[in-house]
Amino acid sequence: MMDKQAKHKIKSQKLKEKVDSHVAQAQTERGVVLIITGNGKGKSTAGFGTVARCVGHGYQAAVVQFIKGTWDCGERTLLEQHDVPFAVMGTGFTWETQDRESDIAAAEKVWREAKLFLADPQYHLVLLDELTYMLGYDYLNKEEVIEVINNRPKNQSVVITGRGAIKALKDIADTVSEIKDIKHAFKAGIKARKGVDW
Ligand code: ATP
Ligand code: MG
């Protein structure tokens, strides 16, 4: 009978071999498209976490927020001190949108700013926060958005967040993660917290 220790050793050796072979196989160097979708909390947080990671290495990053911006957003205040440009919808889309025409105009305006970042190789990373809704609601032309993302500079990565990412977007992504909602404090009547939720 093999003891627990010996079994564990064999198992972890096999795992190590597998991981090493995957690491050896990954040879391509290029920017990636990363989607963080799903109904659970943590999508934008993860997007901003990636921006922090990028800026921490001395690379340049840009942020585009496809939702009416709140002035009081903690990550913006911090990242602007590190020269991260923000393009934010001044008016238009909120969660309880009423006016489709003005939402579309606001979406198109911020998309024009996004396109400048997505054409500029000095940006190592571009965060397109809440972009999924613009495509889900047909506020932006899907084909154009996909084309611009596909034609970005070779070493630039893009992080896209928001619920309900459409298939065409997931198809062009390299990494897609879905955050599952298990429970959320808000549903228990706890108010959104400054420094936690924004
Ligand atoms: P966060 O910005 O906290 O990472 P998110 O980007 O995953 O959240 P959004 O759908 O963009 O989620 O929602 C923005 C706001 O709604 C945040 O204040 C967040 O805490 C809250 N929220 C996120 N998920 C849920 C949920 N499942 N139920 C209730 N509120 C939520
Ligand atoms: Mg979000």
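This short talk walks through a predicted model, beginning at its magnesium site and moving outward through two helices, a pair of strands and two single residues.

Let me start with the metal. The magnesium ion, ligand 2, has as its protein donors Ser 44, through OG, and Glu 130, through OE, which lie 2.1 Å from the ion. Ser 44 belongs to helix α2, residues 43-56, whereas Glu 130 sits in the loop between β4, residues 123-129, and α5, residues 131-136, so the pair ties together parts of the chain that are 86 residues apart in sequence. As for their surroundings, Ser 44 and Glu 130 are both buried.

Since Ser 44 has brought us to α2, let me stay with that helix for a moment. It has 14 residues, and from the first C-alpha of α2 to the last the distance is 20 Å, close to the 20 Å expected at 1.5 Å a residue. Which residues of α2 are buried? They are Lys 43, Ser 44, Gly 47, Phe 48, Val 51, Cys 54 and Val 55. Looking down the axis of α2, one finds these buried residues within an arc of 130 degrees, so they line one face of the helix. The face turned away from that buried side carries the exposed residues Thr 45, Arg 53 and Gly 56. What covers the buried residues of α2 includes the strands β1, residues 33-37, β2, β3, β4 and β5, residues 157-161, together with helix α3, residues 74-80. After α2 comes Gly 58, which has a positive phi, near 85 degrees.

Now to two of those strands. Strand β2, residues 60-68, and strand β3 run parallel and are joined by 4 bridges, and Gln 65 stands opposite Val 88 of β3. Within β3, residues 86-89, the side chains alternate in direction: Phe 86 and Val 88 point one way, Ala 87 and Met 89 point the other way, and all of them are buried.

The second helix I would like to describe is α4, residues 100-117, which has 18 residues and reaches 26 Å from its first C-alpha to its last, close to the 26 Å expected at 1.5 Å a residue. Its buried residues are Asp 103, Ile 104, Ala 106, Ala 107, Val 110, Trp 111, Ala 114 and Phe 117. These cover an arc of only 160 degrees around the axis, which puts them on the same side of α4. That buried set packs against β2, β3, β4, α5 and α6, residues 142-150, while the face turned away from it carries the exposed residues Glu 101, Lys 109, Arg 112 and Leu 116. At the start of α4, a side-chain oxygen of Asp 99 comes to within 3.2 Å of the backbone nitrogen of Glu 101.

I will close with two single residues. Is Ser 157 buried or exposed? Ser 157 lies in strand β5, and with a relative accessibility of 15% it counts as buried, because the cut-off for that term is under 20%. Setting aside neighbours within four places in sequence, Ser 157 is in contact with Gly 31, Val 32, His 124, Leu 125, Val 126 and Arg 152. Lys 183, by contrast, is found in the segment after β6, residues 175-178, and at 74% relative accessibility it counts as exposed, the cut-off there being over 50%. From Lys 183 to Val 32, the separation is 151 residues in sequence and 30 Å in space, C-alpha to C-alpha.

Definitions and conventions
Residues numbered from 1 in each chain as written. Chains lettered and ligands numbered in written order. Predicted model: local features only at pLDDT ≥ 70, side-chain atom pairs only at ≥ 80, totals over all residues. Heavy atoms only, no water. Donors = N, O, S within 2.8 Å, 3.2 Å for Na, K, Ca; no water. Helix = DSSP H or I, 4+ residues; strand = E, 2+ residues; numbered from the N terminus. Buried < 20%, exposed > 50% of the residue type's maximum accessible area, 1.4 Å probe, protein only. Pairing = 2+ DSSP bridges. Expected span 1.5 Å × (residues − 1). Arc of directions from axis to C-beta. Contact = heavy atoms within 4.5 Å. Polar contact = N/O pair within 3.5 Å; in protein donor to acceptor, adjacent residues only side chain to side chain.
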